[in-house]
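Visitor: I should like a close look at a single part of this molecule, its largest nonpolar core. Please describe which residues and elements form that core.

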Amino acid sequence: MSYLTWFLNQFMRLLKVKLDKLGSKMIMVVDLVDELSESLVKQLVLKKDRAVVFKDIPKVCPHCHSTEMRGVEIMGAKLGVLLWECSDCLDIFLKYDMVKTERELQEASKYWTNMSDWGRIPRAEFN
Ligand SMILES: [Zn+2]
């Protein structure tokens with residue numbers, strides 16, 4: 001294992017711990033949408049007719065009323081938490097308006113990383 005790989009592994013581990021404490025998770029755009037297309041945000045919210053913006057994390061899920069809400073960070077997006085997600089029903093809600101969210105998602109969709117380079121963190125641990 002090269003020093004750089006080791007360093008990145010440590011870095012990602014620390015980042016994950018930090019995110020866990022904040023109660024958010026970090027994923028890639030491709031984890032979020034069925035396909036990369038012109039409008040990503042529509043795949044997330046418009047199909048459910050739920051383009052409401054929640055500046056702060058909703059105390060309860062607007063859909064199932066669960067209190068298990070968390071932030072979702074997208075790798076490659078400039079903003080921190082970009083979306084809200086209900087841990088129970090997995091519905092996604094907007095933190096920013098659709099235009100801004102779309103811009104971030106498009107930017108982040110160019111971002112790609114080889115997970116195997118990180119020393120394999122099982123997907124389940126991101127939750
Ligand atoms: Zn819910």
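Guide: Helices (H or I, at least four residues) and strands (E, at least two) are DSSP runs, numbered from the N terminus. In these terms, the chain holds four helices and four strands, arranged from the N terminus as α-β-α-α-β-β-β-α. This is a predicted model, in which local features need pLDDT of at least 70 and side-chain atom pairs count only at pLDDT 80 or more, while totals for chains, interfaces and linings use all residues. Residues are numbered from 1 along each chain as its sequence is written.

A residue is buried if 20 or more other C-beta atoms, placed from the backbone, lie within 10 Å of its own. Of the 127 residues in the chain, 18% are buried. A nonpolar core is a set of buried Ala, Val, Leu, Ile, Met, Phe, Trp, Tyr and Cys residues joined through C-beta atoms within 7 Å. The largest such core comprises 18 residues, and Val 29, Leu 40, Ile 74, Leu 82, Leu 83, Leu 105 and Ala 108 have the most contacts inside it. Two or more residues come from each of helix H2 (29-32), helix H3 (41-44), strand E2 (69-74), E3, strand E4 (92-94) and helix H4 (98-109). E3 supplies the largest share, five residues.

Contact here means that the C-beta atoms of two residues, placed from the backbone, lie within 7 Å. Leaving aside residues up to four places away in sequence, Leu 105 touches Val 29, Leu 40, Val 41 and Ile 74.

As for confidence, pLDDT is the predictor's own score for each residue, from 0 to 100. Strand E3 (residues 81-86) has the highest mean pLDDT among the elements, 93.

Conventions:
Buried ≥ 20, exposed ≤ 12 C-beta atoms within 10 Å, placed from the backbone.
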